[in-house]
Amino acid sequence: MSNETDGGIQIEYGVDDKPPLPKSILLGLQHVAVMIVPATAVAYVVANGVGLEADAAYLVQMVLLFSGLATMVQAYTVGPVGARLPIVMGSSFTFVGATIDIGASFGMAAVFGAILVTGFVVEGLIGWQFKRIKPFFPPLVTGLVVVIIGLYLIPVAMDYAAGGADAPDFGALHHIGLAGLVLAIAVGLNMFTRGVTRLLSVLVAIIVGYAAAIALTFATGLELVSFSDVGSAAWVALPSPTHFGFEFEPIAIATFAVLFLVSSMETVGDMSGVTAAEGRNPTDEEFRGGLFNDGLLSSIGSIFGAFPITSFSQNVGIVNFTGVMSRHVVGIGGVFLAVLGLSPKVGAAVTTIPSAVFGGAVLLMAGMVAASGFRLIVTHVDLDRRNTVIVAVSLGLGLGIATTPEALAGLPSRAELFFGQPVIVTALSALALNTLVPGDSSPLFDAVPAAETSEAESPTVGPSDD
């Protein structure tokens with residue numbers, strides 16, 4: 001069913017439409033194919049960052065399972081939880097840096113304890129009071145947060161491209177070659193092809209890079225890929241509650257509370273990006289249900305060892321690109337993700353992908369996240385003197401912390417850990433300056449009345465998690 005909405009795009013299937021089952025399955029699989037790489041990359045990067053390589057397959061399994069469950073709840077709702085919108089959910093790169101730092105300092109029990117406490121408390125409160133909080137997060141603030149997320153991840157991506165920070169042959173030619181191959185294929189397909197090939201460019205690039213790594217393993221004897229763990233992994237296994245245990249460390253709770261605040265703004269932007277296809281903004285009920293879903297499923301997932309769940313922007317792009325807004329299609333994609341998440345063999349297979357192959361993909365993903373943040377600022381923000389100073393201070397502090405964390409060595413250890421998070425420093429700086437300095441985007445001074453706010457100033461698509 002094709003129709004064009006006022007101010008939107010041509011809609012092939014509306015939110016409540018059900019395409020024929022074979023077509024729905026293919027469209028659902030396309031959503032899975034686009035998000036499965038960045039979602040599982042989060043688990044892979046964290047596992048390697050905190051020395052949990054032995055648990056990497058389990059972490060991948062939990063990411064897939066709870067991404068699927070959250071996607072189904074978002075599409076169909078459970079009471080007030082869920083938006084009844086075609087929003088694909090998955091683990092976000094927003095939390096990667098803090099998870100690695102806190103996991104290394106206090107252990108993963110402190111990470112999952114913090115997620116359990118702050119997930120639904122923070123996003124539940126934001127959803128409940130969304131109308132009052134929304135003016136504090138204009139595109140200037142959310143755009144800066146998106147930029148720093150991407151920039152902070154680039155050094156991580158380079159470590160993986162060189163074979164992993166702990167690799168004995170770090171920087172070896174075969175690592176750089178694999179990462180370069182993945183990057184070149186992904187960029188080439190994205191820039192010079194159309195349709196499905198372009199949409200799946202990162203996935204295709206990783207498959208080719210993985211095949212090249214397997215070929216190198218057999219041809220040279222280098223142990224780039226090993227399938228020993230895949231053969232011994234079970235086909236089906238249920239998740240294990242309290243797999244990592246729980247500890248409630250105050251600094252970890254404070255850190256994740258701020259990051260959930262940031263994550264909620266990503267979800268607000270993605271929901272706005274989906275409904276923009278219909279030429280409208282989400283209703284307050286849709287915003288509230290979507291944020292409740294983010295927080296509740298993140299808290300529940302932490303019990304089993306899943307990282308925080310949020311919306312995926314690249315899937316918002318698919319909705320706008322294809323004109324297929326059917327939540328039933330996204331619900332089918334959620335079913336596929338949940339089924340994959342019940343198979344340890346799938347998780348074990350993902351962990352056989354060499355660090356260098358993931359590095360080439362993550363480098364592109366991180367760069368795209370930063371680029372989308374810059375686009376958000378340039379498109380929706382008047383870079384006058386006030387706003388330029390806010391950009392300069394926020395990014396200067398965030399990048400300063402990222403590149404020279406030892407500058408905070410004089411602080412108490414817990415304060416050093418909290419303020420050592422570039423995303424937190426940038427977010428708090430941008431939020432404080434934008435709120436307290438008079439200007440059109442300040443909620444306290446000269447704010448543009450809601451009735452006069454143009455559609456262009458409404459929340460836009462948040463950072464790509466890919």
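## The tail end: Val 437

Val 437 touches Arg 386, Ser 442 and Phe 445, leaving aside residues up to four places away in sequence. This is a predicted model, and Val 437 is a friendly place to begin a tour of it. Val 437 sits in the segment after helix H19, which covers residues 422-436. With a relative accessible area of 30%, Val 437 is partly exposed.

One of its partners, Arg 386, is 51 residues away along the chain, yet the C-alpha atoms of Val 437 and Arg 386 are separated by 7.9 Å.

## The salt bridge

How many salt bridges does a search of the whole structure find? The search finds one. Its partners are Arg 327 and Asp 16, whose closest N and O atoms are 2.8 Å apart. The pair links distant parts of the chain: Arg 327 belongs to helix H14 (residues 327-341), while Asp 16 is in the loop between strand E2 (10-11) and H1, and the two positions lie 311 residues apart in the numbering. As a general rule, side chains of opposite charge can pair when their charged atoms come close.

Are the two partners buried or exposed? Arg 327 counts as buried, at 6% relative accessibility, whereas Asp 16 is exposed, with a relative accessible area of 53%. Asp 16 also has other neighbours to look for: not counting residues up to four places away in sequence, it touches Arg 84, Arg 327 and His 328. For a sense of scale, pick out Val 141, which is 125 residues from Asp 16 along the chain; the C-alpha atoms of Asp 16 and Val 141 are separated by 34 Å.

## Helix H2 and the loop after it

Helix H2 runs over residues 56-76. Its 21 residues should span 30 Å at 1.5 Å a residue, and the C-alpha atoms at its ends are 30 Å apart, which agrees. Of those 21 residues, 17 are buried, so H2 is largely enclosed by the rest of the structure.

What happens just after H2? There, Thr 77 takes a positive phi of about 70°, although Thr 77 is not a glycine. Thr 77 belongs to the loop between H2 and strand E3 (89-91), and it is partly exposed, with a relative accessible area of 22%. Arg 84 lies in the loop between H2 and E3 as well. Arg 84 is a residue other than glycine with a positive phi, near 60°. At 39% relative accessibility, Arg 84 counts as partly exposed. You have already met Arg 84 as one of the residues that Asp 16 touches.

## The nonpolar core

Which residues have the most contacts inside the largest nonpolar core? They are Phe 66, Val 96, Met 108, Leu 144, Ile 206, Phe 256 and Phe 307, in a core of 119 residues. Helix H1 (residues 21-49) provides the largest share of this core, with 12 residues.

Ile 206 is a good residue to zoom in on. Setting aside residues up to four places away in sequence, Ile 206 touches Val 37, Val 182, Ile 353, Val 357 and Ala 361.

## A nonpolar patch on the surface

Now turn to the outside of the model. Leu 21, Ile 25, Leu 26 and Leu 29 form a nonpolar patch on the surface, and together they have about 370 Å² of accessible area. Leu 26 is placed in helix H1. Leu 26 is exposed, with a relative accessible area of 60%.

In an α-helix there are 3.6 residues a turn, so residues three or four places apart point the same way.

## Two more stops

Phe 130 is placed in helix H5, residues 130-133. At 5% relative accessibility, Phe 130 counts as buried. Its contacts, not counting residues up to four places away in sequence, are Val 268, Phe 287 and Leu 291. Phe 130 and Arg 288 are 158 residues apart in sequence, and their C-alpha atoms are 7.2 Å apart in space.

The last stop is Ala 167, found in the loop between helix H6 (139-161) and helix H7 (173-192). Is Ala 167 buried or exposed? At 18% relative accessibility, Ala 167 counts as buried. From C-alpha to C-alpha, Ala 167 and Ala 56 are 17 Å apart in space, with a separation of 111 residues in sequence.

Key: Residues numbered from 1 in each chain as written. Predicted model: local features only at pLDDT ≥ 70, side-chain atom pairs only at ≥ 80, totals over all residues. Heavy atoms only, no water. Helix = DSSP H or I, 4+ residues; strand = E, 2+ residues; numbered from the N terminus. Buried < 20%, exposed > 50% of the residue type's maximum accessible area, 1.4 Å probe, protein only. Expected span 1.5 Å × (residues − 1). Core = buried A, V, L, I, M, F, W, Y, C linked by side-chain atoms within 4.5 Å. Contact = heavy atoms within 4.5 Å. Patch = residues over 30% accessible without salt bridge, like charges linked within 9 Å, V, L, I, M, F, W, Y side chains within 5 Å. Areas by Shrake-Rupley, 256 points an atom, 1.4 Å probe, with all protein chains shown as cover. Salt bridge = Lys/Arg side-chain N within 4 Å of Asp/Glu carboxyl O.
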